[in-house]
Amino acid sequence: MSLANTKTAYGAVTRSLHWLTALGILIMIPLGWIAHLSPWATEAELATKAQLFSVHKTIGVTLFFLALVRILWALSQPKPAPLHPERRAENFAAETVHWLLYSTLVIVPLSGWIEHAATEGFAPILWPFGQDLPFVPNSDNLAETAASVHFLSQWLLVAALALHVAGALKHVIIDRDGTLARMLKGASAGTPSAGHRVVRPLLLAVAAWAALLGGGAAAGLFASEDAAETPKLEAAQSDWQVTEGTLGISLVQMGKEIEGSFADWTAEIAFEPRETPGKAGDVTVQIAIPTLTLGSVSKQALGADFLAAEDYPTATFQAEILRGETGYEAQGALTLKGAEVPVTLPFELTLEGETATMQGSTTLDRRNYAIGESMADPEQLSFDVQVNVALTATRH
């Protein structure tokens, strides 16, 4: 049994790669749709959904590398001649379908992988080599674009696969020739002198891709979804005005850290530096909850079971600024989602003239605010949520 192709037969390597790819596709496509449609209202359902997606992603990455090996091997091998060289239209269609299959076998899993790498958390790839891709930043816009390409290209893969199978059945049922036997057991068939057309089928395949992506763009699949307009918070009136700063959170979902931040928040600060322990001022922080971005789970985080941003659009932290033996801290309460819970925020402070720079962090327990009550397993979603604050303020 020859490993390599000949001008009339497929070798063992080509045939093995062909059937391994076919098996992977037959598993990956229905598994992806089952994962996509499966519910996630409860902790158990979410765990199942995540596991399904993890298996789907792992098979997809495997198919990506398998497709690359298959393409590189095909480029190094002679392609067995067509059995009916006189049927030009049929051969032209078969060559076009092959180009579509090769391209979709690369683009479908690669676009899914890019979407995964551009987001944070949820359903890791089941391998030890990390979840990121070189040159792929964490970006919601990039993830949405990759998801659209993945969605569209899967249908092109399904269409090309259906045409490929239909062609194979025609050869078996109607023509009764050796096409399937060549791929099943390496049988030799055909005339070695017959060749394959390459350029025009390739151009038609490129045109199919252009039509697919152009149609997707026309349908608005690549347009960024405009976020619902949230009323901006009124500027805080205080002696100290924040000139720049960030208010972020981080947590762990499915074993992976997810970081996010609020785009709109204000701080009303009354503060007098002191060298001895005691009260140094007061602070009131208003936070626009709907402005949170939290990677791929932003929409879920703002939903009713989590931050309930529609019903509780604002959170408030009111605290006294105290000087302790080792530094400053803000002691007060955070009102979030209708619950008021004591919170202490220790921070480092640097003063240069009338400019103050601070950095601080504290840890909240999401259960205190009835956030994510359906997810009682900290392995799925950590109870602890770290809050990180950094700002620069000037005194007027």
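Which residues form one aromatic cluster? Phe64, Phe65, Trp113, Trp127 and Phe129 do, and the views below include two members of that cluster, Phe65 and Trp113.

This is a predicted model, in which local features need pLDDT of at least 70 and side-chain atom pairs count only at pLDDT 80 or more, while totals for chains, interfaces and linings use all residues. Residues are numbered from 1 along each chain as its sequence is written, and side-chain values use heavy atoms, with hydrogens and water left out.

**View 1. An aromatic pair joins helix 2 and helix 3.** Rings of Phe, Tyr and Trp (its six-membered ring) are paired if their centres lie within 6.5 Å, and a pair is stacked with planes under 30 degrees apart, edge-to-face over 60 and tilted for the rest; by this rule there are 10 aromatic pairs. The ring centres of Phe65 and Trp113 lie 5.8 Å apart with their planes at 70°, so this pair is edge-to-face. Phe65 belongs to helix 2 (residues 43-76) and Trp113 to helix 3, 48 residues apart, where helices are DSSP runs of H or I with at least four residues and strands are runs of E with at least two, numbered from the N terminus. Phe65 is partly exposed at 37% relative accessible area, whereas Trp113 is buried at 7% (buried means under 20%, exposed over 50% and partly exposed in between, with a 1.4 Å probe and protein chains only).

**View 2. A stacked pair ties strand 7 to strand 8.** Tyr328 and Phe347 have ring centres 5.9 Å apart and planes at 10°, so they count as stacked. Because Tyr328 lies in strand 7 (residues 328-336) and Phe347 in strand 8 (residues 339-352), the pair connects parts 19 residues apart in sequence; both Tyr328 and Phe347 are buried.

**View 3. Strand 10 pairs with strand 1 and with strand 9.** Strands pair if DSSP finds at least two bridges between them. Strand 1 (residues 240-253) runs antiparallel to strand 10 (residues 384-395) over 10 bridges, with Gln241 opposite Thr394, while strand 9 (residues 355-365) is joined to strand 10 by 11 bridges, also in the antiparallel sense, and there Gly360 has Val389 as its bridge partner.

**View 4. Ala187 occupies the loop between helix 5 (179-185) and helix 6 (199-218).** With 26% relative accessibility, Ala187 counts as partly exposed. Not counting residues up to four places away in sequence, Ala187 touches Thr8, Ala9, Ala181 and Arg182, where contact means heavy atoms within 4.5 Å.
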